[in-house]
Amino acid sequence: MASLLDEVCGEVVERRTSGRSRTAYLHVNFRAIAPLNRPLQIEARIRRSVGRKTYVDATIRDGETGLRPMLRAST
Ligand SMILES: CCCCCCCCCCCCCCCC(=O)SCCNC(=O)CCNC(=O)[C@H](O)C(C)(C)COP(=O)(O)OP(=O)(O)OC[C@H]1O[C@@H](n2cnc3c(N)ncnc32)[C@H](O)[C@@H]1OP(=O)(O)O
């Protein structure tokens with residue numbers, strides 16, 4: 001799950017900014033158990049950019065209910 005969040009955050013930055021990027025840190029909150037064999041809804045958005053640093057927030061929700069996030073990440 002953490003790798004998935006890292007990947008999605010990295011992809012958002014790659015698509016929205018110029019140049020190559022890499023993760024400096026990844027903070028993950030595990031808020032609830034993620035279900036197996038169910039679709040997941042993953043969202044990532046850029047919170048702010050300062051110089052060459054880009055701050056990203058991401059969530060994983062149950063893809064069927066879309067209810068409160070099971071995981072939250074910030075990078
Ligand atoms: C159709 C189109 C499709 C496109 C589709 C593309 C798909 C594309 C998918 C991509 C998907 C990617 C997925 C990503 C997954 C990986 O990124 S994997 C790589 C994992 N990350 C790494 O290996 C990074 C290893 N670390 C480093 O390279 C270096 O430590 C860093 C992070 C670049 C920093 O190095 P540096 O720039 O030399 O650091 P330094 O000058 O000391 O510090 C610069 C600033 O950053 C801050 N900083 C440095 N390290 C840290 C840290 N760990 N935490 C917090 N702050 C830090 C410093 O405090 C400093 O802040 P200021 O004083 O400027 O305010």
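**Notes on this predicted model**

1. Let's start with P69, which sits in the loop between β3 and β4; helices (H or I, at least four residues) and strands (E, at least two) are DSSP runs, numbered from the N terminus. Residue numbers count from 1 along each chain as its sequence is written. Keep in mind that this is a predicted model, where local features need pLDDT of at least 70, side-chain atom pairs count only at pLDDT 80 or more, and totals for chains, interfaces and linings use all residues.

2. Is P69 buried or exposed? It counts as partly exposed because it has 18 C-beta neighbours inside 10 Å. (Buried takes 20 or more other C-beta atoms within 10 Å of a residue's own, exposed 12 or fewer, partly exposed is in between; C-beta atoms are placed from the backbone.)

3. Leaving aside neighbours within four places in sequence, P69 is in contact (C-beta atoms, placed from the backbone, within 7 Å) with R31, T59, I60 and R61. P69 and N29 are 40 residues apart in sequence, yet 9.8 Å apart in space, C-alpha to C-alpha.

4. Now for the largest nonpolar core (buried Ala, Val, Leu, Ile, Met, Phe, Trp, Tyr and Cys residues joined through C-beta atoms within 7 Å). Its 10 residues are L5, C9, V12, V13, A44, V56, A58, I60, L71 and A73. At least two each come from α1, β3 (53–62) and β4 (71–74), and α1 gives the most, with 4 residues.

5. Take L5 from that core: setting aside neighbours within four places in sequence, L5 is in contact with V28, A58, I60, L71 and A73.

Terms used. Two residues are in contact if their C-beta atoms, placed from the backbone, lie within 7 Å.
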